[in-house]
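Biologist: I am new to reading structures and would love a close look at a single part of this one. Please pick one helix, walk me through its residues slowly, and then show me how the rest of the chain fits around the story.

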Amino acid sequence: CIINNLTKIFQILFIKEVPMKILTVYYSLDGNTQLIAEQIKSAVNGDILRIKPVHDNNKKGLFKLLSGGRQVFKNEKPELEPFDINPAEYDLIFIGTPVWAGSFAPALNTFLAENSIQNKNIALFCCSRGGKGKVFIKLHDILRDNNIIGETEFLSPVKSDPKEVNAKVSSWVDEIIEKLD
């Protein structure tokens with residue numbers, strides 16, 4: 001699968017006259033979204049941007065869930081640590097988030113509010129323990145000035161069979177790349 005991905009990416013990036021720049025943007029608290037983002041980055045040979053709040057949710061157990069849920073319901077936009085990547089320079093952007101209270105993480109809320117993402121090809125992914133909630137519906141609305149070319153959910157990838165997770169990532173990336181042919 002990796003050779004197939006690399007061949008397709010080579011064809012897309014170098015046979016077309018204009019090379020495509022690919023970015024994977026994600027927020028991860030427990031490592032699930034990070035695992036998927038890193039696999040996508042490797043599969044597409046693109047850049048990666050981990051968005052991180054200045055003051056991240058470092059609570060444990062039930063307090064972590066309550067704190068994250070409160071941030072979602074209050075539509076908070078936590079201050080992010082600075083980064084030196086400009087999403088506007090990319091043609092295809094993979095955007096990943098954990099599911100918090102049926103929505104995306106507040107750090108992604110800040111990122112999307114502070115960065116003008118328009119007229120891009122977007123692929124969305126989320127990681128959850130049992131349901132995507134309204135993550136994709138809400139992201140479709142916020143990113144309506146873009147071409148959403150795919151979305152997928154991963155259930156607890158850190159606790160899942162690594163081969164199965166890798167196969168799902170690889171298959172999904174193949175689908176996304178084929179849509180751009």
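Modeller: Let's begin with T110, which sits in helix α4, the stretch covering residues 106-114. Please keep in mind that you are looking at a predicted model. T110 has a relative accessibility of 2%, and so it counts as buried, since the cut-off for buried is anything under 20%. What does T110 touch, once its neighbours within four places in sequence are set aside? Its contacts are K77, P78 and L80.

Now look at another residue of the same part. A107 also belongs to helix α4. With a relative accessible area of 2%, A107 is buried. If we leave out residues up to four places away in sequence, A107 touches Y27, I51, P53, P78 and L80. Notice that P78 and L80 appear here and also on the list for T110. One of those partners deserves a second look: I51 and A107 lie 56 residues apart in sequence, yet their C-alpha atoms are 6.9 Å apart in space.

Contacts of that kind are a good way into the chain as a whole. Take the contacts between residues with a separation of 6 or more: 80% of them join residues 24 or more positions apart. The chain has 181 residues, of which 47% count as buried. It holds six helices and six strands, and along the sequence they follow the pattern α-β-α-β-α-β-β-α-β-α-β-α.

Let's step out of α4 towards what follows. N119 lies in the loop between α4 and β5, the strand at 121-128. Is N119 buried or exposed? Its relative accessibility is 70%, so N119 counts as exposed. N119 also has a positive phi, about 60°, although it is not a glycine.

Next come two cysteines, C126 and C127. C126 is buried because its relative accessibility is 0%. C127, at 4% relative accessibility, counts as buried too. How far is the sulfur of C126 from the closest cysteine sulfur? The answer is 6.8 Å, to the sulfur of C127, which is too far for a bond; a disulfide needs the two sulfurs within 2.5 Å. C127 is likewise in no disulfide, with the sulfur of C126 as its nearest at 6.8 Å. By this rule the count of disulfides is zero.

Now move on to strand β6, residues 147-155, where G150 has its place. G150 is buried, as its relative accessible area is 11%. Where does G150 make contact, apart from neighbours within four places in sequence? Its partners are I122, A123, L124, W172, I176 and K179. L124 is 26 residues away along the chain, but the C-alpha atoms of L124 and G150 are separated by 6.2 Å.

Just past this strand, S156 sits in the loop between β6 and α6. Like N119, S156 is not a glycine, yet S156 has a positive phi of about 40°.

That loop leads us to helix α6, where K168 is found. At 36% relative accessibility, K168 counts as partly exposed. Leaving aside neighbours within four places in sequence, K168 is in contact with T152, E153 and F154. E153 and K168 are 15 residues apart along the chain, and their C-alpha atoms are separated by 10.0 Å.

Finally, see how α6 meets another helix. Two packed helices are described by the angle between their axes and the distance between the axes. Helix α2, residues 32-44, packs against α6, residues 162-179, at an angle of about 50°, and their axes are 10 Å apart. That angle makes α2 oblique to α6. The crossing of α2 past α6 is right-handed. On the α2 side, the contact is made by L35, I36, Q39, I40, A43 and V44; on the α6 side, it is made by V165, N166, V169, W172, V173 and I177. Sorted by class, this contact has ten nonpolar residues, two polar ones and no charged ones. One familiar name here is W172, which we already met as a contact of G150.

Terms used: Residues are numbered from 1 along each chain as its sequence is written. This is a predicted model: local features need pLDDT of at least 70, side-chain atom pairs count only at pLDDT 80 or more; totals for chains, interfaces and linings use all residues. Side-chain values use heavy atoms; hydrogens and water are left out. Buried means under 20% relative accessible area, exposed over 50%, partly exposed in between (1.4 Å probe, protein chains only). Axes are lines fitted to C-alpha atoms, for helices over the stretch in contact, and angles run from 0 to 180 degrees between N-to-C directions. Helices (H or I, at least four residues) and strands (E, at least two) are DSSP runs, numbered from the N terminus. Angles under 35 degrees count as roughly parallel, over 145 as roughly antiparallel, 65 to 115 as roughly perpendicular and the rest as oblique. A crossing is left-handed if the near helix is turned anticlockwise from the far one by less than a right angle, and right-handed if clockwise. Contact means heavy atoms within 4.5 Å. Ala, Val, Leu, Ile, Met, Phe, Trp, Tyr, Cys and Pro count as nonpolar, Asp, Glu, Lys and Arg as charged, and the others, Gly among them, as polar.
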